[in-house]
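Here's a quick briefing to read with the model open beside you. Take a look at the structure first, then work through the points below.

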Amino acid sequence: MRIRIVDAFTDRPFAGNPAGVLLLDAFPDDDRLQRVALEVNHSETAFAHRLPAGGEADWALRWFTPVTEVAMCGHATLATAHVLHTTGAHEGPVRFATRSGVLAATPREDGSFTLDFPTAPLTPVEVPPGIAAALGAEPRTVLDTGPNIGDLLVEVADEKTVRALAPDLEALAAHSERGIIATARAEDPARGYDYVSRCFFPKVGIDEDPVTGSAHTALAPFWSERLGRPDLTGLQASSRSGRVRTQLRGGRTLLSGHAVTVIDGELLA
């Protein structure tokens with residue numbers, strides 16, 4: 001099997017969020033998919049195969065962390081669209097059949113892609129006991145992000161607080177189905193972004209995700225309401241860092257970014 005490592009939500013190598021991408025003739029059994037994802041050992045590995053012409057989707061797509069399958073992943077979807085187009089396996093917009101419904105990726109003239117994802121339904125919740133100690137910061141607001149994502153969105157005081165977080169990951173794993181999205185308004189929007197975030201997913205084998213597309217389907221409605229604009233740019237302030245352009249369109253959120261292939265090889269096992 002041909003395997004590629006793609007850095008997503010960045011226009012330069014060794015930044016953004018790396019994902020494994022494998023284009024297959026069909027999906028093997030789940031155990032083999034999980035073993036490959038563990039071997040790749042990035043936050044997600046994407047597996048895709050072509051579907052018959054004339055249906056509602058062009059390719060079937062699944063995503064696995066090193067320990068489990070997930071219902072939605074933005075950066076590995078972007079990475080897969082990038083591989084399809086750079087290899088000539090698909091031209092123009094591509095529709096993926098996934099556990100979260102049909103998700104589309106559209107190439108842009110500047111080489112980026114725009115993903116069309118469902119907007120996360122946000123529900124305010126009481127601050128869970130112990131989450132401030134686990135996260136290492138006092139929450140201002142806590143919201144549930146719904147079943148597709150399964151995170152808690154936690155607003156903290158400011159950008160400096162987000163950047164300084166050093167959470168107790170074991171304690172944090174008890175507080176949501178997947179993980180915690182910590183966010184704050186940008187200290188200086190003149191730097192080219194409107195809000196910052198960091199994402200911690202120890203429950204699914206990812207201590208900190210470098211750039212999380214799916215989280216931005218929750219960040220987009222949260223910050224669009226507060227900032228009064230549907231089109232924003234988010235900076236995920238991990239050590240690799242990356243920017244996600246978000247466009248809120250009611251029940252859909254458009255996520256845009258670049259991707260770069262850094263490794264192209266063959267899986268021998």
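Let's start with Phe 9, which counts as buried at 3% relative accessibility; buried means under 20% relative accessible area, exposed over 50%, and partly exposed in between, using a 1.4 Å probe and protein chains only. Keep in mind that this is a predicted model: local features need pLDDT of at least 70, side-chain atom pairs count only at pLDDT 80 or more, and totals for chains, interfaces and linings use all residues. Residues are numbered from 1 along each chain as its sequence is written, and side-chain values use heavy atoms, with hydrogens and water left out.

**Loops with positive phi**

- Phe 9 sits in the loop between strand 1 (2-8) and strand 2 (17-24); helices (H or I, at least four residues) and strands (E, at least two) are DSSP runs, numbered from the N terminus.
- Although Phe 9 is not a glycine, its phi is positive, at about 60°.
- Most residues other than glycine have a negative phi.
- Ser 241 also has a positive phi, near 65°, and isn't a glycine.
- You'll find Ser 241 in the loop between strand 15 (231-236) and strand 16 (242-249), and it is partly exposed, with a relative accessible area of 24%.

**Helix 2**

- Of the 13 residues of helix 2, 11 are buried, so the rest of the structure largely encloses this helix.
- Among the buried ones are Gly 74, His 75, His 82 and Leu 84.
- Helix 2 covers residues 74-86 and should span 18 Å at 1.5 Å a residue, which agrees with the 18 Å between its end C-alpha atoms; the expected span is 1.5 Å times one less than the number of residues.
- Gly 88, just after helix 2, takes a positive phi of about 80°.

**Helix 6 and Trp 223**

- Helix 6 (residues 216-227) is largely enclosed by the rest of the structure, because nine of its 12 residues are buried.
- Trp 223 belongs to helix 6 and is buried, with a relative accessible area of 1%.
- Not counting residues up to four places away in sequence, Trp 223 touches Glu 155, Thr 183, Ala 184, Arg 185, Tyr 195, Gly 228 and Leu 232, where contact means heavy atoms within 4.5 Å.
- The side chains of Trp 223 and Thr 183 are joined by a polar contact of 2.9 Å. Such a contact is a pair of N or O atoms within 3.5 Å; within protein, one must be able to donate a hydrogen and the other to accept it, and residues adjacent in sequence count only if both atoms are side-chain atoms.
- Gly 228, just after helix 6, has a positive phi of about 75°.

**Ser 176**

- Ser 176 is in the loop between helix 5 (169-172) and strand 12 (179-185), and it is buried at 11% relative accessible area.
- A polar atom of the Ser 176 side chain lies 2.6 Å from the backbone oxygen of Gly 179.
- Leaving aside neighbours within four places in sequence, Ser 176 is in contact with Gly 150, Asp 151, Leu 152 and Lys 203.

**Strand 8 and its partners**

- Five of the six residues of strand 8 (residues 113-118) are buried, so it is largely enclosed by the rest of the structure.
- Strand 7 (residues 101-107) runs antiparallel to strand 8, joined by four bridges; two strands pair if DSSP finds at least two bridges between them.
- Strand 8 also pairs with strand 17 (residues 252-257) in the antiparallel sense, over six bridges, and Phe 117 has Thr 253 as its bridge partner in strand 17.
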